[in-house]
Amino acid sequence: MKTAEKAYYIGTDMNCGGACLLKVHVKDGVITRLETDDGDEPQLRNCLRCRAYRQRVYAPDRLLYPLKRVGERGEGKFKRISWDEALETVASQYKRVKETYGPAATIYLTTGGDIGQVHNTRTAVRVFCLAGGCTLMWGVASNEGWMFACQATYGYPTGNDHRDLPNSKLVILWGMNPAVIIDGCGTAYHLALAREKGTKFIVVDPRYTDTAALVADRWISIRPGTDAAAMIAMAYVMIKEDLYDKEFINKYTVGFDKFKEYVLGKEDGVPKTPEWAEAITGVPARTIAELASEYATTKPAALLPSKAPGRTAFGEQYHRAAFTLAAMTGNIGKPGGSAGSEITQRGEIPFPMGPAMKTGGNPVDAGSPMRKDALPTPISKGPGLVARLHNSEIWDAILKGKAGGYYSDYKMVYVANANYLNQYPNVNKAVKALKSLEFIAVQEQFMTPTAKFADIILPTCTFLERNDAVWGAGPHVAYQPKVIEPLGESRSHLAICEGLAAKLGITGYNDKTDEEWLEQIMKPCVSDFELFKKKGVKKFYQSPTIPFKREIEDIENNPFPTPSGKIEIFSQQMADMNNPLLPPIPKYMEPWESRNDPLARKYPIQLISTHPKRRSHSQFDNIPWLREVDPQVIWLNTKDAKPRGIKDGDLVRVFNNRGEVTIQAKVTERIMPGIADLPEGAWYNPDKAGVDHGGCANVLTIDKRSPGGAFTSNSCLVQVEKAKA
Amino acid sequence: MQTGFYFDQTRCTGCYTCVVACKDWHDVPAGPASWMRVITIEEGKFPDVFVAWLATSCYHCANPACVAACPAEAITKRKEDGIVIVDREKCLGNDQCDLCLQSCSYGVPQFGAEKNAKMQMCNLCLDRLKEGKKPICVAGCPMRALDAGPIDELRAQYGDKTEAVAFAYSADLKPSVIFKPKRKKSLVGGRK
């Protein structure tokens with residue numbers, strides 16, 4: 001029967017911190033076209049990625065049937081099988097591995113590939129917990145360094161509300177590019193509104209980003225991995241010129257004196273002057289001094305450092321230094337100010353973050369001691385357990401197991417909507433590791449580079465093919481009604497996990513329908529569930545939220561959840577770790593693979609891997625409407641291109657001792673000399689010799705975590721040469 | 001009445017949302033044809049650079065050269081709203097003729113990758129205008145950098161500037177567009 005076209009409002013489900021609002025038109029069970037939020041301003045308008053979602057749903061490479069590998073791992077040759085056979089195989093392999101090697105030998109790998117509340121990529125954790133346990137991960141690639149620093153300094157993570165930006169007289173965007181990475185629906189728009197209201201913008205970044213082009217009054221280019229040095233020298237200027245807020249420091253912080261001693265050189269004989277920082281950062285001393293005094297004397301001012309500079313060796317120090325500057329300028333907890341954290345409303349929303357379903361406790365975790373370098377976290381002890389693998393060390397752990405000092409030997413992985421091979425450092429090591437495993441199951445929408453290594457592929461549907469709700473990084477939650485039936489035989493995460501639980505003989509895995517889950521989750525935050533479903537979105541808060549306002553207004557009654565109850569510039573918890581690489585006050589430490597590393601003689605270019613505008617990490621890389629508007633290229637400064645004979649548009653070889661990528665060059669003045677940028681997320685596409693032609697940055701990045709758990713993908717040396725024709 | 005576009009060049013971040021939303025709404029496949037285009041302008045030398053974008057579709061000129069150039073009378077300018085439209089049935093196809101493209105100062109006429117592709121171009125989302133909605137690019141721009149409507153109303157709201165970076169106003173064609181242009185400024189140097 002033919003039906004009239006119907007439109008649904010639906011919150012989007014990418015790992016970009018957006019959760020914007022799509023209006024999806026459906027006719028006869030088929031999505032016909034898309035609009036975005038057309039309600040009251042501020043509308044939650046989508047960016048290009050989700051506007052291409054129709055092409056994603058109906059992509060010719062959607063995985064529609066369970067598959068079994070028939071070729072070599074990585075070759076991409078598969079045969080269609082039944083759901084029964086697929087789930088039976090996964091269940092029996094898990095049981096075999098558990099009985100032979102113990103429950104820790106199975107690793108469950110997932111990230112933010114699907115951030116629904118009911119159907120998310122963590123749904124399967126409960127299956128494995130009830131079945132006897134598995135090894136889980138810690139170390140969020142995006143922001144682990146930031147989380148560590150938040151935990152040590154403030155006791156919990158938080159960030160600014162972009163609606164507060166127009167209240168700032170000065171905004172310093174440090175490595176932050178919301179025009180491309182989104183980070184809260186409409187953040188770039190709110191930056192423009194602030195600029196139009198008269199807010200001054202300074203952008204500190206190795207690149208002149210699209211966001212810089214939008215708002216920057218001044219661009220300060222800086223060498224990757226050296227940000228903490230610039231910030232510490234800013235503190236030096238503020239101390240020497242007596243520009244810091246002593247009252248704020250005395251009332252709200254602990255340990256400033258110890259930091260001051262380090263800054264002035266009383267601890268190590270090296271005063272952290274702007275000249276000291278110039279040699280490290282490439283930022284002229286005068287510019288550092290100007291930045292310091294402008295930030296210290298303009299009130300209120302928001303220092304908004306992104307998490308990218310924290311994805312370096314010792315990246316935790318950069319975040320700790322930023323928080324210290326925010327305290328020194330007294331900008332914490334005030335409208336128009338900032339706690340030195342970026343745009344996010346984590347912890348400020350009455351919405352149960354993360355999966356609705358409880359895991360039931362992981363037997364593998366239960367027997368594990370804590371890591372010595374773990375800070376206590378309020379949500380879960382999990383990330384601090386020795387049994388957990390850090391996400392940048394998985395491949396090494398799989399290859400070496402107990403013999404390499406890891407908690408277990410590893411024989412099986414189950415990957416859920418996460419392109420692990422592609423999105424974690426050192427792809428060539430990943431290839432070896434995946435080839436060495438006894439069994440790999442991948443739950444996916446597409447034949448990703450990771451899925452190509454699967455023994456069994458379980459096809460999942462998109463968020464338009466199930467009922468759910470989503471929270472991004474803004475003060476709103478959005479409904480996700482099922483607008484079409486799952487394509488082919490693809491299934492929702494929950495349906496797949498129910499099937500797997502049944503095959504494993506688990507009873508009581510799930511006792512609720514999607515609708516019942518949704519009602520339970522939404523009840524605390526939407527009074528009228530039916531109205532929420534109709535409008536598709538619920539926006540919270542009439543006025544912008546100000547992080548730490550509660551603590552700053554009344555510290556006596558609302559202490560920070562740190563051991564001292566104050567902002568910890570000196571952290572006794574870190575001191576107790578007794579690890580020189582995790583000093584109790586923020587310090588600059590030379591990162592590995594910096595320009596001073598002996599390796600730089602062979603690989604003289606510092607590579608960063610930023611977020612591209614047409615992907616959300618590796619999602620959407622295969623979508624033609626997006627591929628054509630933003631081709632994968634490596635940014636190179638003219639000064640680096642010229643001596644290498646590289647012209648704009650040339651194919652270049654980018655390589656180091658971990659791998660090689662062949663990709664097109666964009667020769668530009670928009671990046672600092674000595675630095676190259678290959679945006680992350682392009683799908684690994686190796687030739688027979690193992691050279692990647694997809695432009696996957698992780699072929700080159702190092703699989704070594706920073707002491708506090710930060711990823712170090714932006715501490716990466718490479719050489720670039722013109723490719724032979 | 002003349003319908004036209006407004007573009008705030010100071011707000012554009014070159015995000016291509018307008019391009020993708022337009023391709024989805026009008027079902028234009030990936031390939032050479034794109035009713036909405038984004039031109040990137042990058043100038044200067046490190047570290048003093050200038051970057052701007054120009055989102056450009058059809059300016060529905062008061063005196064459209066394409067209408068006069070088309071030997072098949074496939075392109076017409078609607079009296080009621082001044083919107084220039086193409087009748088693809090009448091178009092000879094680009095194996096035979098691309099006089100419209102040659103005549104246009106703004107590169108508007110678009111051709112797909114297919115053999116003897118018929119011309120296609122922005123119609124200001126006539127279907128949406130009829131329903132009282134803004135064109136899909138306008139309604140979708142995350143930066144609210146675009147607007148469309150009767151050009152007199154746009155002038156009353158946004159002023160009458162007809163210059164922008166990478167755009168040259170043609171007094172002959174009289175494109176129906178107004179701008180808030182982006183200005184160059186120095187990014188280096190200290191405080192006063």
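In strand β14 of chain A, Val413(A) has Ile107(A) standing opposite it. This pair of residues offers a way into the structure, which is a predicted model. Ile107(A) falls within strand β6 of chain A, residues 106-110, and this strand pairs with β14(A) in the parallel sense over five bridges. Val413(A) also stands opposite Ile440(A), a residue of β15(A). Strand β15 of chain A covers residues 439-444, and its pairing with β14(A) is likewise in the parallel sense, over five bridges. As background, the strands of a sheet pair through backbone hydrogen bonds, and they do so either parallel or antiparallel.

The surroundings of β14(A) can now be considered. This strand, residues 412-416 of chain A, is largely enclosed by the rest of the structure, because five of its five residues are buried. Its residues point in two directions: Met412(A), Tyr414(A) and Ala416(A) point one way, while Val413(A) and Val415(A) point the other way, and all are buried.

A second sheet shows another kind of pairing. In chain A, three strands form an open sheet in the order β17-β18-β19, and their pairing is antiparallel. The strands β17 (468-471) and β19 (537-539) of chain A are the edges of this sheet, since each pairs on one side only. On average, and with direction ignored, neighbouring strands here are turned by 15° against each other. Between β17(A) and strand β18 of chain A, residues 476-480, the antiparallel pairing runs over four bridges. Within that pairing, Trp471(A) has Val477(A) in β18(A) as its bridge partner.

Strands may also close into a barrel. Six strands of chain A do so, in the order β21-β25-β22-β24-β23-β26, with mixed pairing. From one strand to the next, the twist averages 45°. One pairing in chain A joins strand β21, residues 605-608, to strand β25, residues 675-677, in the parallel sense over three bridges. Here Gln606(A) stands opposite Ile675(A) in β25(A).

Strand β21 of chain A also contains Ile608(A). Is Ile608(A) buried or exposed? Its relative accessibility is 6%, so Ile608(A) counts as buried. Leaving aside residues up to four places away in sequence, Ile608(A) touches Pro206(A), Arg207(A), Pro224(A), Ile675(A), Ala676(A), Asp677(A), Leu678(A) and Asn714(A). By contrast, Glu35(A) is 573 residues apart from Ile608(A) along the chain, and the C-alpha atoms of the two are separated by 35 Å.

The helices come next. Two packed helices are described by the angle between their axes and the distance between the axes. In chain A, helix α9 (residues 227-240) and helix α11 (residues 256-264) have axes that come within 10 Å and cross at roughly 100°. It follows from this angle that α9(A) is roughly perpendicular to α11(A). On the side of α9(A), the contact involves Ile232(A), Ala235(A), Tyr236(A), Ile239(A) and Lys240(A); these meet Phe256(A), Phe259(A), Lys260(A), Tyr262(A), Val263(A) and Leu264(A) of α11(A). Sorted by class, the residues of the contact between α9(A) and α11(A) comprise nine nonpolar, no polar and two charged.

Helix α9(A) also merits attention on its own. Its 14 residues reach 20 Å from the first C-alpha to the last, close to the 20 Å expected at 1.5 Å a residue. Because 13 of the 14 residues of α9(A) are buried, this helix is largely enclosed by the rest of the structure. Just after α9(A), Asp242(A) takes a positive phi of about 55°.

Helix α14 of chain A, residues 315-328, can be described along similar lines. At 1.5 Å a residue, its 14 residues should span 20 Å, and its end C-alpha atoms are indeed 20 Å apart. In α14(A), 14 of the 14 residues are buried, so this helix is largely enclosed by the rest of the structure. Gly330(A) follows α14(A) and has a positive phi, near 65°.

A final helix pair has another geometry. The axes of helix α4 (residues 123-131) and helix α19 (residues 493-503), both of chain A, come within 9 Å and cross at roughly 10°. That angle makes α4(A) roughly parallel to α19(A). Thr123(A), Ala124(A), Val127(A) and Phe128(A) of α4(A) make the contact with His493(A), Leu494(A), Cys497(A), Leu500(A) and Ala501(A) of α19(A). The contact of α4(A) with α19(A) has seven nonpolar, two polar and no charged residues.

Conventions. Residues are numbered from 1 along each chain as its sequence is written. Chains are lettered from A and ligands numbered from 1 in the order in which they are written. This is a predicted model: local features need pLDDT of at least 70, side-chain atom pairs count only at pLDDT 80 or more; totals for chains, interfaces and linings use all residues. Side-chain values use heavy atoms; hydrogens and water are left out. Axes are lines fitted to C-alpha atoms, for helices over the stretch in contact, and angles run from 0 to 180 degrees between N-to-C directions. Angles under 35 degrees count as roughly parallel, over 145 as roughly antiparallel, 65 to 115 as roughly perpendicular and the rest as oblique. Contact means heavy atoms within 4.5 Å. Ala, Val, Leu, Ile, Met, Phe, Trp, Tyr, Cys and Pro count as nonpolar, Asp, Glu, Lys and Arg as charged, and the others, Gly among them, as polar. Buried means under 20% relative accessible area, exposed over 50%, partly exposed in between (1.4 Å probe, protein chains only). Two strands pair if DSSP finds at least two bridges between them. The expected span of a helix is 1.5 Å times one less than its number of residues.
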